[in-house]
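User: I would like to go through this structure and ask how some of its labels are justified. Please set each value against its cut-off.

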Amino acid sequence: MEPIEFTAEHVLENSPRESYIFGEFLSSREPYKSLYEHNPWLTPPDYKKPLEWGAGGYWDTTVGRKHEYWKSYDLPCATKDIHQMRRDFKQWGFCLIEDAMSERQCHEFLVRALDQAEGEKLAGVDQPTPTGQYVNTLINKGDIFAKCIEQDVSAVQAGLLIEQIMNETLGKGWICHSFLSNGADPGGYPQALHMDQGPLLPWVTEEAPALVNTMYIPQDVNEENGGTLVIPGSHRAFIEAGTGGEIGKLPPTINLEAKAGTIMIFDGRLLHGTGVNRTSKRRIVATMSNVKAWMRTQENWILSVAPDVLEGASDKLLHRMGLQALTYGSTIEGFGLGANGRVGDPWGSIKQFRSAADDGNYIRVRRLSKSSSLDELNQPYTVRAAMRGARDASKS
Ligand SMILES: [Fe+2]
């Protein structure tokens, strides 16, 4: 007989919410609670209704130099001066590297990303969002993208400088979190403003970020074509709020204005979101976030767990090993984005990818384009089967 103190009834009876060790710290809904209370204009639009203009929504804005509030401020401009970048990053939460990609690098990046997006639509493996199409896991879809992850100067001429800034912000040993392209398609909605470091919410008040994003901008962006929405300096509001502290009134958003070839580096606490594209042409940027070296499981279970253990594992064990993807971790070719991360959620079940790989049947989405053959388009892609499986499982 187990000691009575270890029984489910006893533990439950002796664990009222108010006695939780770090209850207040971990379950305070701050800083988002006060953020929305004091800044109701940050509420995302209703995607079922036409987008409203002229009512003060966060998407209804312009670039910094034309903005009534911001035009008198010294907001970051694209520069090649690393000292200026350091100052901009610290004060405003972002800096802009001028000509980070050469004209040739930009062109190659843009053409490949757009063609891939077309191909994925035709193959029925595209990932639409209310804002525009995402192309996930760029690493598999063109050499240039893998080189960007390595900050290879043959793909991104400012690579060495970017490495230096990442070392200074995240500490050496940082890793790539993900690399995908984000479309702002004509007629789309704005993305909800968010911070990419969101899952580390209770820790956002640390001085240095745990996530830093590098946004590749292969075409001009502005207030017309959905230049990314940002609230300059908003990362500081979180740092200054302190643990459980409140966020006061925030200044307005601006649209990012940048020339093709710019890379924006931004702090994981900066409030931002994709803007609204009011032109008739799609615009893309690509976001590569990087995180501190420890932001993954120490044991690489996904590779190391033996096939028979994997087969026999309960949903709970799969979850413990990180084989349950959720929006912020362990997604495979984008499968798992939007999943809740709870035990058994079919939308985050990535075991099927590992099993397919073990059987030699994992078919990844590779280079596709509008001129791909029917054979290429109709391959039994594992990610397509996974999406179907999840859809069926959540219906039943
Ligand atoms: Fe983001």
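Analyst: Start with E240, which is found in helix α8, residues 234–241. Keep in mind that this is a predicted model.

User: What makes E240 exposed?

Analyst: The cut-off for exposed is over 50% relative accessible area. E240 has a relative accessible area of 59%, so E240 is called exposed. As for its position, E240 and E207 are 33 residues apart in sequence, and their C-alpha atoms are 9.1 Å apart in space.

User: Is T169 buried or exposed, and how do you know?

Analyst: Buried means under 20% relative accessible area. The value for T169 is 11%, so T169 is buried. T169 lies in helix α7, residues 159–170.

User: Which residues does T169 touch, leaving out those up to four places away in sequence?

Analyst: T169 touches F89, A208, P209 and V212. Contact here means heavy atoms within 4.5 Å. There is also a C-alpha separation to give: T169 and L211 are 42 residues apart along the chain, with 8.6 Å between their C-alpha atoms.

User: Why are helices α12 and α14 called oblique to each other?

Analyst: The axes of α12 (residues 351–358) and α14 (residues 382–395) come within 10 Å and cross at roughly 140 degrees. Angles over 145 degrees count as roughly antiparallel, 65 to 115 as roughly perpendicular, and under 35 as roughly parallel. The angle of roughly 140 degrees fits none of these ranges, and therefore α12 and α14 are oblique. The crossing of α12 past α14 is right-handed.

User: Which residues make the contact between α12 and α14?

Analyst: From α12 they are Q352, F353 and A356, and from α14 they are T382, V383 and A386. By class, this contact has four nonpolar residues, two polar ones and no charged ones.

User: What makes H194, D196 and H272 donors of the iron ion?

Analyst: A donor is an N, O or S atom within 2.8 Å of the metal, for a metal such as iron. The NE2 atom of H194, an OD atom of D196 and the NE2 atom of H272 lie 2.2 Å from the iron ion, so these residues count as its protein donors. Along the chain, the donors follow the spacing H-x1-D-x75-H.

User: Why can the pair H194 and H272 be said to tie together separate parts of the chain?

Analyst: H194 is in the loop between β4 (175–184) and β5 (211–217), whereas H272 is in strand β9 (residues 272–273), so the pair joins parts that are 78 residues apart in sequence. Both H194 and H272 are buried.

Conventions
Residues are numbered from 1 along each chain as its sequence is written. This is a predicted model: local features need pLDDT of at least 70, side-chain atom pairs count only at pLDDT 80 or more; totals for chains, interfaces and linings use all residues. Side-chain values use heavy atoms; hydrogens and water are left out. Axes are lines fitted to C-alpha atoms, for helices over the stretch in contact, and angles run from 0 to 180 degrees between N-to-C directions. Helices (H or I, at least four residues) and strands (E, at least two) are DSSP runs, numbered from the N terminus. A crossing is left-handed if the near helix is turned anticlockwise from the far one by less than a right angle, and right-handed if clockwise. Ala, Val, Leu, Ile, Met, Phe, Trp, Tyr, Cys and Pro count as nonpolar, Asp, Glu, Lys and Arg as charged, and the others, Gly among them, as polar. Buried means under 20% relative accessible area, exposed over 50%, partly exposed in between (1.4 Å probe, protein chains only). Donors are N, O and S atoms within 2.8 Å of the metal (3.2 Å for Na, K and Ca); water is not among the atoms, so sites may look incomplete.
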